[in-house]
Amino acid sequence: MEMELKEFTIEKTIIGPITIVFQDSDNVLIKNIILSTPDLKSKEIAYKSYDNLDSVSFSHLNKRIKKLVLDIQDYLNGKDFKFSLDNFDFSGCSPFEREVLNAEYNTKRGSVNTYGELAKEIGHPKAYRAVGNALRKNPFPIVIPCHRTIKKDRTIGGFNGYQGGIESKEILLSLENVEVQQKKVISESPVISLNKKAQKKLDIDN
DNA sequence: TGAAATGGGCTG
DNA sequence: CAGCCCATTTCA
């Protein structure tokens, strides 16, 4: 018996439509946040990825999903924001992937870090490529702010699973006042990585 | 710029 | 388990 999934799409955002896929039981479970790509709108991707998906109008949304929608809109309107992770379903993620996503979650708006730093932070200093793989599979972009991770040479790297997504990555970074030109972060200040605790850890390592 | 290193996850 | 895929990095 397949579990029935619902979908709500925020149609107009600065990075195009955003679709939230969730399981609408008494304890709602957020399964996936899908961004649009230049080729495909998020809703099409959603219906391609999941069978038995039902659309829900905003007024009929579960309270928790409503809050997530409003939070995403606030965030995209420039509010400094840390999302609640309540009701997000990480069961599809490996322990390593969870570590990566957790470290990313703890980064701050307006800061950037590198794949290598994230790897070091979670105690696998040479697994920078694996970190990229984990971020590629990030089920909850925006909420887990994977757009803040860039390459060591300060070019912005990949996003949203394929190269076309870097457009959105650039928009999200500039939304956080991180300056990007020619696919490269050009802020004068050094790359600020992770939160305070993580930064301390890194300092000890260096 | 290109090759090689690198490690987690996925497929057969 | 082997072999391949990668949103990286480093070095010549």
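Author: Let's begin with a term: a polar contact is a pair of N or O atoms within 3.5 Å. Keep in mind that the model we are reading is predicted.

Reader: Thanks! Which polar side-chain atom lies 3.1 Å from a base nitrogen of DNA strand B?

Author: That atom belongs to Asn133. Two other residues have polar atoms beside the backbone of the strand: in Lys137, a polar side-chain atom is 3.2 Å from a phosphate oxygen of DNA strand B, and in His124, an N or O atom of the side chain is 2.9 Å from a phosphate oxygen of that strand.

Reader: What share of the atoms of DNA strand B within 4 Å of the protein belongs to sugar or phosphate?

Author: Sugar or phosphate accounts for 80% of those atoms, and bases for the rest.

Reader: Which residues are around DNA strand B?

Author: You can find Ser94, Phe96, Glu97, His124, Lys126, Ala127, Arg129, Ala130, Asn133 and Lys137 there. Sorted by class, this surface has four charged, three polar and three nonpolar residues. Helices H3 and H5 each give at least two residues to it, and the largest share, three residues, is from H5.

Reader: Now the helices. How do I read the way two of them pack?

Author: Two packed helices are described by the distance between their axes and the angle between those axes. Here, the axes of H3 (residues 95-105) and H5 (residues 128-136) come within 9 Å and cross at roughly 80°. Angles of 65 to 115 degrees count as roughly perpendicular, and H3 and H5 are therefore roughly perpendicular to each other.

Reader: Which residues of H3 and H5 make the contact?

Author: H3 brings Phe96, Glu97, Val100, Leu101 and Glu104, while H5 brings Ala130, Val131, Ala134 and Leu135. By class, seven of these residues are nonpolar, two are charged and none is polar.

Reader: There is a sheet as well. What is the order of its strands?

Author: The order is E3-E2-E1-E4, in an open sheet of four strands with mixed pairing. Strand E3 (29-35) and strand E4 (53-55) are the edges, each pairing on one side only. From one strand to the next, the twist averages 30°.

Reader: In what sense do E2 and E3 pair?

Author: Strand E2 (residues 18-23) and E3 are antiparallel, paired over six bridges. For a place to look, find Gln23, which stands opposite Leu29 in E3. Then look at helix H2 (residues 63-76), which packs on the sheet and touches strand E1 (5-10), E2 and E3. The direction of H2 makes about 155° with that of E2.

Key
Residues are numbered from 1 along each chain as its sequence is written. Chains are lettered from A and ligands numbered from 1 in the order in which they are written. This is a predicted model: local features need pLDDT of at least 70, side-chain atom pairs count only at pLDDT 80 or more; totals for chains, interfaces and linings use all residues. Side-chain values use heavy atoms; hydrogens and water are left out. Axes are lines fitted to C-alpha atoms, for helices over the stretch in contact, and angles run from 0 to 180 degrees between N-to-C directions. Angles under 35 degrees count as roughly parallel, over 145 as roughly antiparallel, 65 to 115 as roughly perpendicular and the rest as oblique. Contact means heavy atoms within 4.5 Å. Ala, Val, Leu, Ile, Met, Phe, Trp, Tyr, Cys and Pro count as nonpolar, Asp, Glu, Lys and Arg as charged, and the others, Gly among them, as polar. A residue is near a molecule or strand if one of its heavy atoms lies within 4 Å of it. A polar contact is a pair of N or O atoms within 3.5 Å; within protein, one must be able to donate a hydrogen and the other to accept it, and residues adjacent in sequence count only if both atoms are side-chain atoms. Two strands pair if DSSP finds at least two bridges between them.
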